[in-house]
Amino acid sequence: MKTRMIFITGVSGTGKSSVCRELSIRGHTTIGLDEVPGLSRWVHRKTKEKLDKKADFSAEFLATYEWACDLKMLKELLRQERGTVFVAGNVENVLACISLAHKSFVLICSPETFLKRIDERIDNDYGKDEDAKNFLLSYYESDNKKCLEAGAIAVDGEQPLNQVVDSILKNV
């Protein structure tokens, strides 16, 4: 059986990691772009060189570096799997990830909701400072729009987690 990639994206705080955890609990194979070491990384926007220091999330840093998926590594991970694999993450080369997918979904919720979730999470510091919040707010609408225009299916990320996952599974 050939591998089918289902891609789940959305701005930070929309629930991608929670959806992956729930899909795993339900017995599905998942890959988190942020969870696999080296799969996503900060790279210089112009030179594409990997960052060799800790990210600081300042406005200057975010203007200089982008969070990107190593597509070659992702393709290799997918080659090692069989059946349906759910891949979740938000990277600046999101359209390239969508192009690899059999089907894509974008989790959408209000800025108030995703900012509150970011403030409350304990496993990830990204988005907690003002520069990062402003960066997220600056692109979330255009990012959602480009994903939808590329064929991603909108999923209401404000719903309870079980309903979000059920909605995705119903459309796979």
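The questions and answers below introduce this predicted model, its overall build and one of its helices.

Residues are numbered from 1 along each chain as its sequence is written, and side-chain values use heavy atoms, with hydrogens and water left out. In this predicted model, local features need pLDDT of at least 70 and side-chain atom pairs count only at pLDDT 80 or more, while totals for chains, interfaces and linings use all residues.

Me: What is the radius of gyration of the protein, and why does it agree with a compact globule?
Reply: The radius is taken over C-alpha atoms, and the globule rule is 2.2 Å times the number of residues to the power 0.38. Because a compact globule with 172 residues would come near 16 Å, the value for the protein agrees, at 15 Å.

Me: Which residue is at the centre of the kink in α6?
Reply: Helices are DSSP runs of H or I with at least four residues, numbered from the N terminus, and α6 covers residues 130-149. A bend is the angle between axes fitted to the seven residues ending at a residue and the seven starting there. The kink in α6 is about 40°, and its centre is Y140.

Me: Which residues touch the most other members of the largest nonpolar core?
Reply: Such a core is a set of buried Ala, Val, Leu, Ile, Met, Phe, Trp, Tyr and Cys residues joined through side-chain atoms within 4.5 Å, where buried means under 20% relative accessible area with a 1.4 Å probe, protein chains only. The largest one has 19 residues, and those touching the most other members are F7, L33, L74 and V87.

How values were computed. Helix = DSSP H or I, 4+ residues; strand = E, 2+ residues; numbered from the N terminus. Expected span 1.5 Å × (residues − 1). Buried < 20%, exposed > 50% of the residue type's maximum accessible area, 1.4 Å probe, protein only.
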